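Here are a few exercises to work through with the model open on your screen. Try each one before reading the solution under it.

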Amino acid sequence: MSSQSHNPTSQVSWIQQLALLEQQGEECVLVTVLEDKGSVPRDAGTKMIVTRNELFATIGGGHLEHLATKMAREILLKGENKTHIERFNLGARLGQCCGGMATLSFEPIGLNQHHLVLFGAGHVAKALVNIVQTLPFKITWIDEREAEFPSQLPPNVNKLVSDDPVGEIKHLPANCYYLVMTHNHQLDFDLAREILTQDRFSYFGMIGSQTKRKKFDLRLAHRGFSQDSIEKMQCPIGISMVKGKHPAEIAVSVAGELIAHYQGQTLEQKRPLKHNQLAG
C-alpha cells in the first residue's frame, strides 16, 4: 500500500471499531493471538483489525505485526472468506528477539459482501445506488464530474472522482461487479475494453441498446477480443419483463439482474448476434 495509518485503538474498543467498519461496509481482517508460548509481544486474546489502509489496535508491533498485516491484506486482495491459522516462531527468522512462539488467527469480516463498481453518476446511476445500497453490496462510484454526485451518500458508498476512470480498474480487487453507464460512448467502450482485458470480474454489465451492443461487439472483435470474452459483457442490462424508461424503473430492472446473479440464477440471453455475424 502506498499509504497506511495505524490507530492504536485500545483492546476494549476493538468491538466498537469492528461494528463501525461493518456499518460502513468496509472489509477487514480480525487478527487474534490464539496462543502464546515463551516471550511474545502480546498475550493470547489480543486482537488487531486490518483494513486495506489502516490498522486498529496492535498485536505488539515489530516484524510479527508487519508480517501479519501483509498477510491480512493479501486475504483482502484475494477476497478469501475463510478463517485460517498461522504459527510464528519469533526467533531469528522474524527478526525479533523475543524467542517465543505465537499462533494467530486471520478472520475475514465483511467479505460476504459483493463489491459493485459503478461508472457514471447520471440519473439512472443515482436511482440504482438508492436501491443497491440496501443490498449486500459495497459500492465504489466513479465519475470524472464531482458535481454530479449527491451531497450525501450512504455509508457503504465510496465516491471516487477520477480524471482517469479507465486507469482505476487495474487497482480494483478481483471479483467485482462492474456496471458501466457513463455519459460518453467512447468512455464506455474504453472501460469495456479494459474490464475485459483484466478479466477479473464476477459480473460486467453496460447500459445501452441492441444497436450499441452490436457496434461494441464489432469494435471489440476487431481489436482481437474472442467471442467468448465479448459474451461476458451483459448489454443491454436489466430484466426484460420490467418495462419503462423512467430512471427508477430501469434501476429496479438492473438491480433485479444483480440480485439474480449473486443468487446464482442464470441471466437472460439478450444478445441477438451469432458467431458468423461478427465476421464483417
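**Exercise 1. A helix and its neighbours**

Which strands and which helix do the buried residues of H3 pack against?

Keep in mind as you go that this is a predicted model.

Step 1. Find the helix: H3 covers residues 123-132.

Step 2. Pick out its buried residues. These are Val124, Ala125, Ala127, Leu128, Val129 and Val132.

Step 3. Look at what they pack against. On the strand side you'll find S7 (114-119), S8 (137-143), S9 (157-161) and S10 (176-180). The helix is H8 (247-262).

**Exercise 2. Laying out the sheet**

Work out the strand order of the six-stranded open sheet, then place H3 and H8 on it.

Step 1. Write down the order: S9-S8-S7-S10-S11-S12, with parallel pairing.

Step 2. Mark the edges. S9 and S12 (233-234) are the edge strands, each pairing on one side only.

Step 3. Check the S12 end. S11 (residues 201-206) pairs with S12 in the parallel sense, over two bridges. For Gly205, the bridge partner in S12 is Gln234.

Step 4. Now add H3. That helix packs on the sheet and touches S7, S8, S9 and S10. The direction of H3 makes about 165 degrees with that of S8.

Step 5. Add H8 as well. H8 packs on the sheet too, touching S7, S8, S10, S11 and S12. Its direction makes about 160 degrees with that of S10.

**Exercise 3. Following S3**

Trace the pairing of S3 with S2 and S4, and decide whether its two faces are covered or open.

Step 1. Start with S2 (28-37) and S3 (47-50). The two run antiparallel and are joined by four bridges. Leu30 has Ile49 of S3 as its bridge partner.

Step 2. Move on to S4 (54-57). S3 and S4 are also antiparallel, with three bridges between them. Here Val50 has Leu55 of S4 as its bridge partner.

Step 3. See how the chain gets from S3 to S4: a hairpin makes the link through three residues.

Step 4. Check the faces. Lys47 and Ile49 are on one side, Met48 and Val50 are on the other, and all of them are buried. Both faces of S3 are therefore covered, with "buried" meaning under 20% relative accessible area.

**Exercise 4. Three salt bridges**

Take the salt bridges Glu27 to Arg52, Asp143 to Arg145, and Arg213 to Asp217, and say where the partners sit and how buried they are.

Step 1. Recall the background: side chains of opposite charge can pair when their charged atoms come close. A search of the whole structure turns up nine salt bridges.

Step 2. Glu27 and Arg52 meet at 3.2 Å, N to O. Glu27 sits in the loop between H1 (14-24) and S2, and Arg52 in the loop between S3 and S4, so this pair ties together parts that are 25 residues apart in sequence. Glu27 is buried at 7% relative accessible area, and Arg52 also counts as buried, at 18%.

Step 3. For Asp143 and Arg145, the closest N and O atoms are 2.9 Å apart. Asp143 counts as buried at 4% relative accessibility, whereas Arg145 is partly exposed at 27%.

Step 4. Arg213 and Asp217 meet at 2.9 Å, N to O. They are four residues apart in H6 (residues 210-222), so about one helical turn separates them. Arg213 is buried at 1% relative accessibility, and Asp217 is buried at 0%.

**Exercise 5. Stepping back**

Sum up the whole chain, and find the stretch where the pLDDT is below 50.

Step 1. Count the elements: the protein chain has eight helices and twelve strands.

Step 2. Look at burial and surface. Of the 280 residues, 46% are buried. The accessible surface comes to about 14000 Å², and 50% of that belongs to carbon and sulfur atoms.

Step 3. Look at the contacts between residues at least 6 apart in sequence. Of these, 60% join residues at least 24 apart.

Step 4. Finish with confidence. The average pLDDT is 85, and 85% of the residues score at least 70. The stretch you're after is residues 272-280, where the pLDDT is below 50. Beyond near neighbours in sequence, this stretch has twelve contacts in the model.

Key:
Residues numbered from 1 in each chain as written. Predicted model: local features only at pLDDT ≥ 70, side-chain atom pairs only at ≥ 80, totals over all residues. Heavy atoms only, no water. Buried < 20%, exposed > 50% of the residue type's maximum accessible area, 1.4 Å probe, protein only. Contact = heavy atoms within 4.5 Å. Pairing = 2+ DSSP bridges. Axes fitted to C-alpha atoms, helices over the stretch in contact; angles between N-to-C directions. Areas by Shrake-Rupley, 256 points an atom, 1.4 Å probe, with all protein chains shown as cover. pLDDT = per-residue confidence, 0-100. Salt bridge = Lys/Arg side-chain N within 4 Å of Asp/Glu carboxyl O.
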